[in-house]
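Let's take a walk through this protein together, one neighbourhood at a time. Keep the 3D view open and turn it as you read.

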Amino acid sequence: MSADPLLDETIDTEEMVAQEAASEGGRPDDRVDDARHDEENRLKPEYLRAVRLALEEDRRGELYELVEPLHPADVADLLELLDNDERGSLTIAISDLMTGEVVAELNDWVREEMMEGLPAEAVALIAEQLETDDAVQMIEDMGADEREAVLAEMDAEDRAAIESALSYPEETAGRLMSREFVAVPEHFSVGDLIDYLRIHGTLLGDFFEVFVVDEAHHPVGTCALSWILTTPRHIALADVMKRDQTVIPVMMDQEEVALMFQKYALISAAVIDGTGRLVGQMTVDDVVHIISEEAGEDALLLSGAGDGDINEPIREAFSSRVRWLVANLGTALVASLIIAAFGAAIEQLVALAILMPIVASIGGNAGTQTMAVTVRAIATNQLTRANTGKILLRELRVAILNGVTIAVLVGIATALVFDWKLGGVIALAMVINVVTAGLAGVLVPVLFERAKQDPAVASSVFVTMVTDSMGFFAFLGLAVASGLVG
């Protein structure tokens, strides 16, 4: 039993609510969620059907009751699951639930579609509810005229913050940082800081640590909230603050920011301009979005699928994907020319045509494996100029082991079905192609990275070209050289 009777009363009340909920089949929060969410926390199909039925029958009161208990992120999920015309009707029915938190959670394409139908003053009102980085994300893709109209409707201070963010390149810390942070002079004591936080608390927003700055507003240290709450008031901040801190330049790419947070286990970090002045902060919740976005982006770029978003308009999806298919068609012609050069040999021995796809397929898969490992290593700074040779040698060894293993299996099978000489030819061709695939899987992404290009963008097209061409050339060339065909 606690010595604090108020605390005891709180604990007793919580226990009573928990017991009451347990007798009714779950926690109080879960009873609401279970009617709407499945085991994986996704909105249930029957819940979505109920919302659609209420929309069709224009029962706005029921709609509001269905949606009101949802978390803003779940409201965003619901809007994304609906068709465009349904979204408009639902937004009108739950207008006071369409907070900045909901808009911030919306898929980019869905948010853009919804914003297009709203007047500039409505968009400005939503933007003013958002954190600066979220507001920038909502406004940055608008046309110049539409953007200016929205900014003109905003409060002067909010407009200045957004215009400042838009002055930085996309996917940099300056574009993504939050302008809301706590910075105090180093002569403050812990008591001074606590008093300051109490007076200005409503203006400060969420924060995890306090930045201590000098007279020129350069960050000189940080104080975690736990230190502030457990340190006597009379102690000077200079005596308890952490002087070693990780700072982020405004022009740093978001991938580099994410890597710094991961490497140094950061919760938040100061963002500085070219003169070293503190101008913003990056927090871990922003970085989680960056990591998720970058990981998905690289996977989609490797496949040439563009944004790969199911909410992306069909015309946009077609445009982004067909470019790489056309490029792939061009590289496939190289392999076709090699096959055409050995047309007479294939006519003499049909088994060559039967076995060619096996050689190309295994080589392509081996190249894709190595390429995926390499692109990830580049993205996470595991592969640098200092260890490129080491990584190349490692992947070459793996490729040799893989090539020999597959060669033995396919060589024996081919010898049993056709003859031993053809088995030897395909086995040797397999080793050559898998080793070539391993080399291409490392070298192509590295060359793209050295050329200051995203290695995920076109690596797959070129690696596939190399593996297909080398596979056909090695197999057919060895068949001719061995005397299998004249």
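Start with helices α9 and α10, bearing in mind that this is a predicted model. How do the two helices run relative to each other? Helix α9 covers residues 120-129 and helix α10 covers residues 132-139. Their axes come within 8 Å and cross at roughly 150°. Angles over 145 degrees count as roughly antiparallel, and α9 and α10 are therefore roughly antiparallel to each other.

Now look at who touches whom. On the α9 side you'll find Val123, Ile126 and Ala127, and they meet Ala135, Met138 and Ile139 of α10. Sort the residues of this contact by type and you get 6 nonpolar, no polar and no charged. For a bit of background, an α-helix has 3.6 residues a turn, so residues three or four places apart point the same way.

**A covered strand**

Next, find strand β2, residues 209-213. Is β2 mostly covered or uncovered? Mostly covered: 5 of its 5 residues are buried. You can check this face by face. Glu209, Phe211 and Val213 are on one side, Val210 and Val212 are on the other, and all of them are buried.

β2 also has partners. Strand β1 (residues 183-185) runs parallel to β2, and 3 bridges join them. In that pairing, Val184 stands opposite Val212. Strand β3 (residues 219-224) runs antiparallel to β2, this time with 5 bridges. Here Glu209 of β2 stands opposite Ala224 of β3. β2 and β3 form a hairpin with 5 residues between them, and in the turn sits His217, which has a positive phi of about 65°.

**A three-stranded sheet and its helix**

Further along the chain there's an open sheet of 3 strands, in the order β4-β5-β6, with mixed pairing. Which strands are at the edges? They are β4 (247-249) and β6 (278-283), each of which pairs on one side only. Neighbouring strands of this sheet are turned by 35° against each other on average, if you ignore direction. Strand β5, residues 268-272, runs antiparallel to β6, with 5 bridges between the two. One spot to click on is Val271, whose bridge partner in β6 is Gly280.

Helix α17 lies across β4, β5 and β6, and it runs at about 170° to β4. That angle is over 145 degrees, so α17 and β4 count as roughly antiparallel. Within α17 (residues 254-264), the buried residues are Gln254, Val257, Ala258, Leu259, Met260 and Phe261.

Both ends of α17 are worth a look. At the N-terminal end, Asp253 acts as a cap: one of its side-chain oxygens lies 2.8 Å from the backbone nitrogen of Glu255. Just after the helix comes Ala265, with a positive phi of about 50°. Ala265 is in the loop between α17 and β5.

**Two loop residues with positive phi**

Asn41 also has a positive phi, and it's a residue other than glycine. Here it is in a table with Ala265:

| Residue | Where | Phi | Relative accessibility |
|---|---|---|---|
| Asn41 | loop between α2 (28-34) and α3 (45-56) | near 65° | 52%, exposed |
| Ala265 | loop between α17 and β5 | near 50° | 64%, exposed |

Why does Asn41 count as exposed? Exposed means over 50% relative accessible area, and Asn41 has 52%, so it counts as exposed.

**Two helix residues to zoom in on**

Thr370 is in helix α21, residues 350-379. Buried or exposed? Buried means under 20%, so Thr370, at 8% relative accessibility, counts as buried. Its side chain reaches the backbone oxygen of Ala366 at 3.1 Å. Leaving aside neighbours within four places in sequence, Thr370 is in contact with Glu395, Gly438, Gly441 and Val442.

Asp195 belongs to helix α14, residues 190-204. With 31% relative accessibility, Asp195 counts as partly exposed. How far apart in space are Asp195 and Arg233? They are 9.9 Å apart, C-alpha to C-alpha, and 38 residues apart in sequence.

Note on methods. Residues are numbered from 1 along each chain as its sequence is written. This is a predicted model: local features need pLDDT of at least 70, side-chain atom pairs count only at pLDDT 80 or more; totals for chains, interfaces and linings use all residues. Side-chain values use heavy atoms; hydrogens and water are left out. Buried means under 20% relative accessible area, exposed over 50%, partly exposed in between (1.4 Å probe, protein chains only). Helices (H or I, at least four residues) and strands (E, at least two) are DSSP runs, numbered from the N terminus. A polar contact is a pair of N or O atoms within 3.5 Å; within protein, one must be able to donate a hydrogen and the other to accept it, and residues adjacent in sequence count only if both atoms are side-chain atoms. Two strands pair if DSSP finds at least two bridges between them. Axes are lines fitted to C-alpha atoms, for helices over the stretch in contact, and angles run from 0 to 180 degrees between N-to-C directions. Contact means heavy atoms within 4.5 Å. Angles under 35 degrees count as roughly parallel, over 145 as roughly antiparallel, 65 to 115 as roughly perpendicular and the rest as oblique. Ala, Val, Leu, Ile, Met, Phe, Trp, Tyr, Cys and Pro count as nonpolar, Asp, Glu, Lys and Arg as charged, and the others, Gly among them, as polar.
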